[in-house]
Amino acid sequence: MEQLEETEPIEREIDREFESVLDDAIVGRSTIGCVIPAYNEEESIADVIESLLGQTRVPDVIHVVVNNTSDKTVKIASQYSGPHEVVTELGEQFTEVFVHDIGKNPDKKVGALNYGFALVEGYDYLLGVDGDTIADPKAVEYLESEAMSDTRIGGISAIYSIDDRPIKGAIAKFLISGQRTQFAAFNMQNLLRGRNMAVLGGQFSIFSTAALRDVMVQNHQSTPWVKDSEVEDSLLSLQIKSAGYLTKISPFARADVGGMTTLRSYDAQQVKWTYGAIELMWPGQRGDTKGQPLHPNLRLRWFENIGMLTNFFVRVSFLVLLAGSLSIGAFVFSPWWLIPPAMAVALNMRIAFTMKDRTARDVLFAGLVAPAEVFMWVRISHFLRSWTRFLSRKKVDNWAMQAKAEKGGGSTYWVPLVLLIASLVAMAVIWVVLPPVAQSTILWVGWPVVGVITVLQTLMMFFKLIRRHQGFQV
């Protein structure tokens, strides 16, 4: 009952905040052109179009740009082609749906987005929607109102999550729960940073076409999106920020994106994202992408990578030192080592309870140690593969590898596990042949180092745990 009474004032405060945004909004109606880049989206494209036609604020035009497809995406989307009159609580509205099959396109999603931009450049805003993203009915209304309330906003993103109701299978449910937690933590970080969004995700974001044109001029580009980066949305977000605009996340607009339900597809997606982010972070030149290590939009990226490196070091070091101590009978259990996992569980539980549409599975994922810990090891494997691939300087088409993985191909996601096992075996062999004095010295030095790093990591979790969330829900 206390939790309910505490939640109601928070919801009323959020409602008042949105009303103030509406009061400050520019009088009049803007124009919104929606672009949906679609590649083999036959299972979801109908729901995506219907969710847009079911918005309280319907886009003025909807362009479905199909590229490199080999399924029935064009046929299904074409059923919605033509004019539509929609009556909502905002009154009678008109929109028209166009389906463009641009065939084989070497620039893939980037090419589809730029094709769509050419079609809606004369509108005030471009609404980018992925071919598997289903938005809440008021999402466009919220995005438009917030964008119009401040002319400095170059782009604003919805809060993303994943609808876990249709998911079947134990592995798929586990991966989706982990991704929902990952999205929730990322969204909350951005909301608490003054709602400054590091990445205007292409899943469901609205862009000022004036800002996109300024980006093109400032960077000497003929199109807003360029193919130089593995993460075209991150690069464009950096460019919009550098052009003097704000990149924001909405606390109101929500959308469910398509999640990855297999280890190979999730691995390929995360490696592509992390690899692309490293390219943007790295101080130097990689292809035609200029490294911008000190850009304000990349601070979270640096923290994420440092955090993943710390997680990897602490876990592997703890396992090695534990095995070494047990092998010579030198391990003494201390209850202090229970504090870090307890703090991690508490932090995961708090993240779970910030989810607006949390389920019992979200709470169990956070409350039980094993699921979150296994998922962390999965994320560590993506981190290691991304940095290894980047530092090898080997030219790889990560888009093609993700497409292959989503079709069930590829097995490289097992490589980190194989290498980890091989490394542990090698260290075990080396440990056995070491003299007792050397073994004792390693333990004498290793445990304090791991202990100090773990204490600092635990303090960071504690500060995150006690930080006020200001009524935000993700």
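**Exercises on a predicted model**

**Exercise 1.** In this predicted model, which residues does Leu-127 touch, leaving aside residues up to four places away in sequence?

*Solution.* Start with the stretch before Leu-127: the contacts there are Ile-32, Gly-33, Cys-34, Val-35, Leu-52 and Pro-59. Then add Val-140, Leu-143, Phe-204, Ser-205 and Ile-206. Next, place Leu-127 in its core: together with Ile-36, Val-64 and Phe-204, Leu-127 is listed among the residues with the most contacts inside the largest nonpolar core, which has 42 residues. Helix α5 (residues 139-148) gives the most to this core, namely six residues. Another core, of 33 residues, lies apart from it and includes Leu-192, Leu-200, Met-355 and Val-474.

**Exercise 2.** Decide whether Thr-274 is buried or exposed, and find its contacts.

*Solution.* Locate the residue: Thr-274 is in helix α9 (residues 263-281). Its relative accessibility is 17%. The limit for buried is under 20%, so Thr-274 counts as buried. Not counting residues up to four places away in sequence, Thr-274 touches Asn-305 and Ser-386.

**Exercise 3.** Describe the aromatic pair of Tyr-275 and Phe-390, then that of Phe-365 and Phe-375.

*Solution.* The structure holds 14 aromatic pairs. For Tyr-275 and Phe-390, the centres are 5.9 Å apart and the planes make 75°, an edge-to-face pair. Tyr-275 lies in helix α9 and Phe-390 in helix α13 (residues 369-391), so the pair ties together parts 115 residues apart in sequence. Both residues, Tyr-275 and Phe-390, are buried.

Phe-365 and Phe-375 are also edge-to-face, with 6.0 Å centre to centre and 75° between the planes. Phe-365 belongs to helix α12 (residues 360-367) and Phe-375 to helix α13, so this pair ties together parts 10 residues apart in sequence. Finally, Phe-365 and Phe-375 form one aromatic cluster with Phe-174 and Tyr-266.

How values were computed. Residues numbered from 1 in each chain as written. Predicted model: local features only at pLDDT ≥ 70, side-chain atom pairs only at ≥ 80, totals over all residues. Heavy atoms only, no water. Core = buried A, V, L, I, M, F, W, Y, C linked by side-chain atoms within 4.5 Å. Buried < 20%, exposed > 50% of the residue type's maximum accessible area, 1.4 Å probe, protein only. Helix = DSSP H or I, 4+ residues; strand = E, 2+ residues; numbered from the N terminus. Contact = heavy atoms within 4.5 Å. Phe/Tyr/Trp six-rings, centres within 6.5 Å; stacked < 30°, edge-to-face > 60°.
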